[in-house]
Amino acid sequence: MQEDPITGTIGAEISGIDLKGPISDDLAATLRDALSRRLVLVFRGQHLDIAAQKRLTGVFGTPVQLPYIVPTDDDPQVVRVLKEADDHSGTFGGDWHSDMSFVAEPPAGSVLNALELPPYGGDTLFANQVLAWDHLSPGLRELLDGRDAIHVGKPYGVKWAPPAETQSKGAIKMTRLDPEADRERFHPAVLTDPATGRRSLYLNPIYVTRLDGMTEAESRPLIDALRTHATRPEFCMRLRWTPGTVVVWDNFATLHYAVNDYAGHRRELLRTTFAGRPIADWRAAA
Ligand code: SIN
């Protein structure tokens with residue numbers, strides 16, 4: 001197996017392995033180690049079926065079924081990330097976010113497997129949130145350390161429901177207008193890895209409405225400033241998909257953004273998601 005960094009700060013291309021075959025315990029440990037260092041792993045030309053994708057997912061954590069997104073008919077733990085050529089609306093994941101941060105136990109990571117790609121565009125951006133925390137000013141670190149951010153499932157709820165014209169046209173079937181998605185979840189604004197002590201900023205503009213102890217209006221400029229900081233080009237990589245590419249990312253240490261620039265072309269990927277340790281374990285000890 002070979003590991004080649006994609007940028008100086010995030011991402012690695014992993015080559016020399018065929019993920020259709022069995023994954024030994026040694027290889028699994030090597031892949032987990034690579035993910036913990038590089039946060040995004042890219043495997044080219046794999047063309048995985050669902051069984052192989054789920055096997056890979058299981059290397060990193062327990063595969064889980066997500067709420068609010070209707071899974072494929074084939075498997076309740078697989079989501080089809082699909083945008084049809086005639087869909088000129090928004091795209092799924094079209095702003096910086098970490099997956100499902102608004103649920104009680106957000107997933108630790110995701111796997112995305114490319115089936116059909118536009119001839120250009122449809123890239124995915126990833127940003128390293130360990131670096132975002134490391135490079136935050138002392139004043140903002142003091143403000144965020146030990147403070148919760150409040151996450152809400154805005155796209156799926158009532159109170160913050162997005163305008164119809166910006167919603168993806170329905171290639172991805174979601175449960176919308178569910179009052180339960182408006183429920184506020186308090187998660188630490190900075191996560192502390194229980195195994196290593198590594199810290200990462202855990203805020204995103206899709207799901208975070210405010211910081212604990214502040215109003216939405218007071219929080220908004222801070223969330224905007226943090227978005228700009230957290231996605232500085234130095235912290236980012238841009239993934240150009242190629243047929244059969246499979247990507248794994250750390251959901252607690254990265255943000256990602258699906259670029260909506262391929263109107264008139266179809267894009268289809270399969271996503272699986274894995275659980276890690278409970279989010280309470282990621283609170284810094286007082
Ligand atoms: C997602 O947010 O999981 C979708 C990413 C993508 O379509 O590139």
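Modeller: The largest cavity of this predicted model is the space taken by the ligand, and our discussion may start there.

Biologist: Which residues surround the ligand?

Modeller: The ligand is surrounded by Val-81, Gly-93, His-97, Asp-99, Leu-112, Thr-124, Trp-249, His-256, Ala-258, Arg-267 and Arg-271. By class, this shell divides into four nonpolar, four polar and three charged residues.

Biologist: Which strands each supply at least two residues of the shell around the ligand?

Modeller: Strand 15, covering 254–258, and strand 16, covering 267–275, each do so.

Biologist: How should I read polar contacts, and at what distance does a polar side-chain atom of Thr-124 lie from an oxygen atom of the ligand?

Modeller: A polar contact is a pair of N or O atoms within 3.5 Å. For Thr-124, a polar side-chain atom lies 2.5 Å from an oxygen atom of the ligand. His-256 places a polar side-chain atom 3.0 Å from a ligand oxygen. In the case of Arg-267, an N or O atom of the side chain is 2.8 Å from an oxygen atom of the ligand. As for cover, the ligand taken alone exposes 260 Å², and the protein buries 100% of that.

Biologist: Let us turn to the backbone. What sign does phi have in most residues other than glycine?

Modeller: Most residues other than glycine have a negative phi. In this model, His-47 is not a glycine, yet it has a positive phi of about 50°. His-47 lies in the loop that joins strand 3 (40–43) and helix 2 (50–60). Tyr-68, also not a glycine, has a positive phi of about 75°. The loop that holds Tyr-68 runs between strand 4 (62–63) and strand 5 (79–83).

Biologist: Is Tyr-68 buried or exposed?

Modeller: A residue is called buried when its relative accessible area is under 20%. Tyr-68 has a relative accessible area of 13%, and therefore counts as buried.

Biologist: How would you apply that reading to helix 2, and which backbone oxygen does the side chain of Gln-53 reach at 3.4 Å?

Modeller: Gln-53 lies in helix 2 and is buried, because its relative accessible area is 1%. Its side chain reaches the backbone oxygen of Val-111 at 3.4 Å. A polar atom of the Gln-53 side chain also lies 3.0 Å from the backbone oxygen of Leu-270. Phe-60 likewise has its place in helix 2, and its relative accessible area of 12% is the reason why it is classed as buried.

Biologist: Which residues would illustrate the exposed class?

Modeller: The exposed class begins over 50%. Gly-146, in the loop between helix 4 (138–144) and strand 8 (148–151), has 76% relative accessibility and so counts as exposed. Ala-285, in the segment after strand 16, counts as exposed because its relative accessibility is 76%.

Biologist: Finally, how is separation along the chain to be set beside separation in space? What is the C-alpha separation of Ala-285 and Pro-194?

Modeller: Each pair should be read with both values. Ala-285 and Pro-194 are 91 residues apart along the chain, and their C-alpha atoms are separated by 9.5 Å. Phe-60 and Gly-94 are 34 residues apart in sequence, with 25 Å between their C-alpha atoms. For Gly-146 and Ile-10, the chain separation is 136 residues and the C-alpha separation is 26 Å.

Definitions and conventions: Residues numbered from 1 in each chain as written. Predicted model: local features only at pLDDT ≥ 70, side-chain atom pairs only at ≥ 80, totals over all residues. Heavy atoms only, no water. Near = heavy atom within 4 Å. Polar contact = N/O pair within 3.5 Å; in protein donor to acceptor, adjacent residues only side chain to side chain. Areas by Shrake-Rupley, 256 points an atom, 1.4 Å probe, with all protein chains shown as cover. 1 Å grid on protein atoms, 1.4 Å probe; cavity = no way out; pocket = protein on both sides within 12 Å on 5 of 7 lines; lining within 4 Å. Sits in = over half its atoms within 2 Å of the grid points. Helix = DSSP H or I, 4+ residues; strand = E, 2+ residues; numbered from the N terminus. Nonpolar A, V, L, I, M, F, W, Y, C, P; charged D, E, K, R; others polar. Buried < 20%, exposed > 50% of the residue type's maximum accessible area, 1.4 Å probe, protein only.
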